[in-house]
Amino acid sequence: NIIATSEPVILESTAIIDVRKLAAEEAARGGPGPDLRKRLFRRGLENPSLLEGPGDPALMGTEEGTGTTGIGTRLFVASPSPTSNYMGLDDIPMADTNFIVIPPDVGGGVGPNKVMEGFNNNYRIRDKATGATQITMGTATFWAAVTNPNERTALTDPRTTYDPYNNRWIVCMQTVLTNAAVLVGVSQTSDPAGAWNLYRFTGLSGSLGGNYLLDFPNMGFNKNWVAITINRYTSAGAFSYGICLALHY
């Protein structure tokens, strides 16, 4: 059995957005101006000694195609060949601001008919069969209803996936400011270009209190729950503990 303590967090704001409507408004504004500024997010919180490097023997297979680690034996099996392929979203500037975030932190999900890519800079929705772009939207525009102007240029670590149990898309991002927020979005239908419910969670200081930083969310789900895990640091960058934000569907 595992015994864990839990504390409430603050659901600071919620909103319902329509992606098609926001994309049309974004296009009508004409996009960002020519003054392109790079924003390099700090990535000094991880402990390099805890990360497996490319030369780590635990990651290298033997002639038999296996590698032995402290937790067992890994099998190395080739992925199946793709049935179709097309060029993904480029690391282009945000469609709605003058920022380009480095690194892009690429990711995405695949649904029955659509593909949704999530980068630090933009979301893009494609036709699954052809790869044709249907919507490209800046992350600042997508999350604007639950963030303030400072946070819209401090978004990072997008996670994007499709939930086949509930036929919904789930996304999350975080802000990199002190006392950072975790942002979660769930589509209302299986169409990522339609309506979404957005949520902004703060108050993640926990029992330690004080100012804090967050870094590197990961996301999972089942039929009833969405779970976001993220690392919590002091404002000086010292690791405090990991947080699991459990959300009832």
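**Exercise 1. Describe how β10 and β11 are joined in this predicted model, and what lies between them.**

Solution. Begin with the pairing itself: β10 and β11 run antiparallel, and seven bridges join them. Within this pairing, Leu-155 is found opposite Thr-175 of β11. Turn next to the connection, where four residues separate the two strands of what is a hairpin, and where Asn-167, in the turn, has a positive phi of about 55°. Finally, consider the cover over β10: eight of its nine residues are buried, where buried stands for under 20% relative accessible area.

**Exercise 2. Find which residues touch the most other members of the largest nonpolar core, and which elements supply the core.**

Solution. This core holds 23 residues, and those touching the most other members are Val-19, Phe-142, Trp-143 and Trp-196. At least two core residues come from each of β1, α1, β8, β9, β10, β11 and β13, so the hairpin strands of the previous exercise, β10 and β11, reappear here. Take Val-19 as an example: once its neighbours within four places in sequence are set aside, its contacts include Ile-125, Ile-135, Met-137, Phe-142 and Trp-196. Apart from this core lies another, of 16 residues, including Val-182, Tyr-212, Val-226 and Ile-243.

**Exercise 3. Place these details within the whole protein, using its elements, its burial and its contacts.**

Solution. Count the elements to begin with: the protein has three helices and 16 strands. Of its 249 residues, 39% are buried. Among contacts between residues at least 6 apart in sequence, 54% join residues at least 24 apart. The accessible surface, finally, comes to about 13600 Å², and carbon and sulfur atoms account for 55% of it.

Technical notes: Residues numbered from 1 in each chain as written. Predicted model: local features only at pLDDT ≥ 70, side-chain atom pairs only at ≥ 80, totals over all residues. Heavy atoms only, no water. Buried < 20%, exposed > 50% of the residue type's maximum accessible area, 1.4 Å probe, protein only. Contact = heavy atoms within 4.5 Å. Areas by Shrake-Rupley, 256 points an atom, 1.4 Å probe, with all protein chains shown as cover. Core = buried A, V, L, I, M, F, W, Y, C linked by side-chain atoms within 4.5 Å. Pairing = 2+ DSSP bridges.
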